[in-house]
Number of protein chains: 2
Amino acid sequence: MSYKTAILGATGAVGAEFLKILQQREFPLASLKLLASSRSAGKKIPFGDEELTVEKVTEKSFDGVELVLSSAGGAISKKFAPIAAAAGCVVVDNTSAFRMDADVPLVVPEVNPEDIKNHKGIIANPNCSTIIMNVPVWPLHKENPVRRIVVSTYQAASGAGAAAMAELAEGAKAFLDGREFTPKVLPHPAAFNVFCHNSNVGPDGYNLEEAKMVLETQKIFHAPEILITATCVRVPVMRAHSEAINLQFTRPITEGEVREILSAAPGVRIVDDRQRSYFPMPLDATDADEILVGHIRRDISQPDGCGIEMFVSGDQIRKGAALNAVQIAELL
Amino acid sequence: MSYKTAILGATGAVGAEFLKILQQREFPLASLKLLASSRSAGKKIPFGDEELTVEKVTEKSFDGVELVLSSAGGAISKKFAPIAAAAGCVVVDNTSAFRMDADVPLVVPEVNPEDIKNHKGIIANPNCSTIIMNVPVWPLHKENPVRRIVVSTYQAASGAGAAAMAELAEGAKAFLDGREFTPKVLPHPAAFNVFCHNSNVGPDGYNLEEAKMVLETQKIFHAPEILITATCVRVPVMRAHSEAINLQFTRPITEGEVREILSAAPGVRIVDDRQRSYFPMPLDATDADEILVGHIRRDISQPDGCGIEMFVSGDQIRKGAALNAVQIAELL
């Protein structure tokens, strides 16, 4: 069994990671088509021993294709994912366009793989911050249901795309040289600064990224009753997100139980050396498939013993986007 | 009235800020003596139109001195603050050496100025992250007692001193040039990375910085019953700390009430433009006297209406250390 595959948004940061992961995991490709906007059409991209030419995406692009890995922005997905699905493809879509549709499964393979079978041509890949939180929280939730989550994120520039990563480097150079620098991709200077996530702020004061972490987690866990609040913050890191996660469980839980559960959990690597103050760091999470979890401790502000604090890092482009999508495709 | 003043630790990052602030605020100096370890003795430091020579601190250094502003590390303070106090000085100490002593007032002037009068020669300046949290939380707590705080920090390199700031710049240059870089001051690479605070981790899993935020806040607020948990994280920022603060109050509270209280609170500046996603940022807090507060919203994970989320930034060297100490001296 092998699949006629297309990558939509092949020239972006996640597109490049799709290509890397398909090779690394020896994904069974019958053919591979690279699709992008007209701006990138004609670009040549090496893939193994071959060189593939990026084609402009059109309504005809999906004829004869079986699987589409899509990460080309919400508007493009909104238009082309239904066309691809109608042409018989299964689309694994990395944008937020369809995530909250009741008809569309929203899947983290370590959490809710069984939801995939309900797809009607489109499967949504969750937001990167959501995936990175869900992989380590789910195995704990299964043992002792989570009642409330307070999460603060430390998000890399990659979440805003390859251009934002380049701008972070440019801005850092300017800062070090004492030069003025006006950002164009991000709304605020990224280098040597942090700022609340630059997505639109809703009437309740939460920005879109924060709202995604709340609503997507409730959908993926099939647990609309979990109370979640998030503060999403951009930090000057290239490509791995970190999160400080405060959990309130239904019943008391010990540090030891958390370690035992997470040691056996898929997609998780415990990094928790108190002696050396060595905990998850984005530089260590870069290019890793696993979510690093550490600084695990009983929350002293929950005297009933139901609270746990932990700190996690995960590669935003990899597990936060491309890897999760390819894992979904593998489950198909 | 003017005071014979000495700065202990005059050559560090906070020492330099002491000199700047004494001039900016036209602090009534009868004389000014700069003290440091033998390593820095003999250094010349400009101060207004004069040039002052750094002297090596000895047991005799404090004779004839009335006020000591100290920021020379815990061990130096432990040794010399009692000597200075015995010589008749009032010592405002910026280290953690005396903060939790029952005999030593721990003071944020906007919060508990009245505690100063109980001093026995030493007044402690709180930890920078504690000060930056306490200034905006106290006025809210006075109106509606805070029951629980969940805080995650985004701490600048300056908290680890001037050498750490230089190392962050060096490390960033190396990263951008693709060169290997081994940090010497900090335990982990600071540039384009984040890591859990590098203070010792206690048996409960909290590091010292986190424990300080908990215990110092309870002491300053005279409220040992407040439940507090903290995750302290170093980010690649030069000199201003940020914090995501999740609050649980005793009674329901609205966003509007929080804004009204904070608008009138001393030492606070509201920066909360949802339209432009413009919230507190460390680059804006740099060199500011106030703590910037924004991204204020009702916490949707507290359905009883008692929860508030907010994001703050404050200059670690200034309000987090030197300014707070000079404000204490002004109250004397």
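Two strands count as a pair when DSSP finds at least two bridges between them. Keep that in mind for the first views of this predicted model.

**View 1. Six strands of chain B form an open sheet.** Strands of a sheet pair through backbone hydrogen bonds, and the pairing can be parallel or antiparallel. Here the pairing is parallel, and the order of the strands in chain B is 5-2-1-6-7-8. Which strands stand at the edges in chain B? They are strand 5 (55-56) and strand 8 (122-124) of chain B, and each pairs on one side only.

**View 2. Strand 6 and strand 7 of chain B pair in the parallel sense.** Zoom in on residues 67-70, which make up strand 6 of chain B, and on residues 90-93, which make up strand 7 of chain B. Four bridges link these two strands. To find one of the bridges, start at B:Val68 and look across to strand 7 of chain B, where B:Val91 is its bridge partner.

**View 3. Chain A has an open sheet of six strands with parallel pairing.** Its strand order reads 5-2-1-6-7-8. Strand 5 (55-56) and strand 8 (122-124) of chain A each have a single partner strand, so one side of each is left without a neighbour in the sheet. At one of these edges, strand 5 of chain A pairs with strand 2 (residues 29-36) of chain A, in the parallel sense and over two bridges. A:Leu35 has A:Glu55 in strand 5 of chain A as its bridge partner. Now look for helix 2 (residues 74-86) of chain A, which packs on the sheet. Helix 2 of chain A touches strand 1 (3-8), strand 6 (67-70), strand 7 (90-93) and strand 8 of chain A. The direction of this helix makes about 160 degrees with that of strand 7 of chain A.

**View 4. Helix 3 and helix 5 of chain A cross at roughly 45 degrees.** Two packed helices are described by the angle between their axes and the distance between the axes. For helix 3 (residues 128-143) and helix 5 (residues 208-220) of chain A, the axes come within 9 Å. With that crossing angle, helix 3 of chain A is oblique to helix 5 of chain A. Is the crossing right-handed or left-handed? For these two helices of chain A, the crossing is right-handed. On the side of helix 3 of chain A, the residues in the contact are A:Ser129, A:Thr130, A:Met133 and A:Asn134. They meet A:Glu209, A:Lys212, A:Met213, A:Glu216, A:Thr217 and A:Ile220 in helix 5 of chain A. By class, the residues of this contact divide into three nonpolar, four polar and three charged.

**View 5. Helix 3 of chain A also packs with helix 8 (residues 318-331) of chain A.** The axes of these two helices are 8 Å apart, and the angle is about 85 degrees. Angles of 65 to 115 degrees count as roughly perpendicular, and helix 3 and helix 8 of chain A are therefore described in that way. A:Cys128, A:Ile131 and A:Ile132 in helix 3 of chain A meet A:Lys319, A:Gly320, A:Ala321 and A:Asn324 in helix 8 of chain A. This contact has four nonpolar, two polar and one charged residues.

**View 6. Chain A meets chain B.** How many residues of chain A are in contact with chain B? There are 50, and they touch 50 residues of chain B. Several elements of chain A give two or more residues to this side, including strand 9 (146-154), helix 4 (162-177), strand 13 (240-249) and strand 16 (307-315). The residues of the side of chain A that touches chain B divide into 28 nonpolar, 13 polar and nine charged.

**View 7. A rotation of 180 degrees superposes chain A on chain B.** The shift along the axis is 0.0 Å, and the RMSD is 0.0 Å. That is the relation of a two-fold axis. The same surface serves both copies, and 100% of the contact residues of chain A recur in chain B.

Conventions
Residues are numbered from 1 along each chain as its sequence is written. Chains are lettered from A and ligands numbered from 1 in the order in which they are written. This is a predicted model: local features need pLDDT of at least 70, side-chain atom pairs count only at pLDDT 80 or more; totals for chains, interfaces and linings use all residues. Copies are superposed by least squares on the C-alpha atoms of residues with pLDDT of at least 70 in both. Two residues are in contact if their C-beta atoms, placed from the backbone, lie within 7 Å. Axes are lines fitted to C-alpha atoms, for helices over the stretch in contact, and angles run from 0 to 180 degrees between N-to-C directions. Angles under 35 degrees count as roughly parallel, over 145 as roughly antiparallel, 65 to 115 as roughly perpendicular and the rest as oblique. A crossing is left-handed if the near helix is turned anticlockwise from the far one by less than a right angle, and right-handed if clockwise. Ala, Val, Leu, Ile, Met, Phe, Trp, Tyr, Cys and Pro count as nonpolar, Asp, Glu, Lys and Arg as charged, and the others, Gly among them, as polar.
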